[in-house]
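Colleague: I am new to this structure and should be grateful for a close look at a single part. Please describe what surrounds that part and how it relates to the interior.

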Amino acid sequence: MGVTETAPIPKQRGEQLLDHAVRYTEERHWDVFAGTWLEFSEGREKCSCGAQDCPAPGAHPTVKDWAAQASGSAVQVRRMWGRQPGASILMPTGRTFDALDVPDSAGFLALARLQRMQRTLGPVTVTPDHRMMFFVLPGAGAKVEDLLRKIGWQPSQLDLAARGEGEYVAAPPTRYGGMGSVQWAQPPTAANRWLPDVEELIDALAYACGREAAAERARRQG
């Protein structure tokens, strides 16, 4: 699906995390907050939290009340990254958007299918731990399970979840220690400023996740 008038958000080499964080607030009106960061120690990158077994090194909140820190003010954002320029960019879900979280193998299949069907798509990220986040209108979390059942899927059989109120996603170009950076699979553009509702994406995502689940069962049995 071709788009015109591309917004200048996608990452560029040499730009600071602050630059991206400010543009998310100014161009998309997304709230952001500064998370942990990576520190080089003993020959490798470690999370600033100090945990040896950190599951998301350099890409999680630093405090329990992170939701209160999230802001859409460029002034506040500059203050946050002024304290720690290397901090990850995290964005709360359940405010201006929710995110449908699926494996990237299923996500790329669904993305191609949705583009062929000329469905409305919002921004989509792909993370270094092989997940994809499809941005949709808030409220998806309350709808997903019922929508899946209506189209014939059992939610427990699919690796598909909605991130909503009380959760967050990492924004490009945040880096996960040793794994790489979060990237845009479908970047924010002028054409996708208005996000789709979960109903517009759920059938393609469920189909792709169902195929992945069936392939995984076949691999185990084989």
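Modeller: The account below begins with one helix and then follows its surroundings into the interior.

The model is predicted, so local features need pLDDT of at least 70 and side-chain atom pairs count only at pLDDT 80 or more, whereas totals for chains, interfaces and linings use all residues. Residues are numbered from 1 along each chain as its sequence is written, and side-chain values use heavy atoms, with hydrogens and water left out.

The part chosen is helix α3, which spans residues 74-83. Helices (H or I, at least four residues) and strands (E, at least two) are DSSP runs, numbered from the N terminus. The buried residues of α3 are Ala74, Val77, Met80 and Trp81; buried means under 20% relative accessible area, exposed over 50% and partly exposed in between, with a 1.4 Å probe and protein chains only. These four residues lie on the same side of α3 because they cover an arc of only 120 degrees around the axis, the arc being that of the directions from the helix axis to the C-beta atoms. In general, an α-helix has 3.6 residues a turn, so residues three or four places apart point the same way. On the face of α3 turned away from the buried side are the exposed residues Val75, Gly82 and Arg83.

The buried residues of α3 are covered by elements that include α1 (17-28), β1 (33-34), α2 (66-69) and β4 (89-92), where contact means heavy atoms within 4.5 Å. Trp81 of α3 also belongs to the largest nonpolar core, which has 30 residues. Such a core is a set of buried Ala, Val, Leu, Ile, Met, Phe, Trp, Tyr and Cys residues joined through side-chain atoms within 4.5 Å. Within this core, Tyr24, Val32, Trp81, Ile89, Met91 and Phe135 touch the most other members. The elements giving two or more residues to this core are α1, β1, α3, β4, β7 (131-136) and β9. Another core, of 27 residues, lies apart from it, and Leu100, Phe134, Val136 and Leu205 are among its members.

Ile89, one of the core residues named above, leads to Thr174. The backbone nitrogen of Ile89 lies 2.9 Å from a polar atom of the side chain of Thr174; a polar contact is a pair of N or O atoms within 3.5 Å, and within protein one must be able to donate a hydrogen and the other to accept it, while residues adjacent in sequence count only if both atoms are side-chain atoms. Thr174 is found in the loop between β9 (168-170) and β10 (175-176), and is buried, with a relative accessible area of 1%. Beyond its neighbours within four places in sequence, the contacts of Thr174 include Leu17, Ser88 and Ile89.

Helix α2, which helps to cover α3, takes part in an aromatic pair. Rings of Phe, Tyr and Trp (its six-membered ring) pair if their centres lie within 6.5 Å, with planes under 30 degrees apart counted as stacked, over 60 as edge-to-face and the rest as tilted. The structure holds 10 such pairs. The rings of Trp30 and Phe97 are edge-to-face, with centres 5.5 Å apart and planes at 65 degrees. Trp30 lies in the loop between α1 and β1, and Phe97 in the loop between β4 and β5 (98-103), 67 residues apart. Trp66 and Tyr168 are likewise edge-to-face, at 5.4 Å centre to centre and 75 degrees between the planes. This pair links helix α2, which holds Trp66, to strand β9, which holds Tyr168, 102 residues apart.
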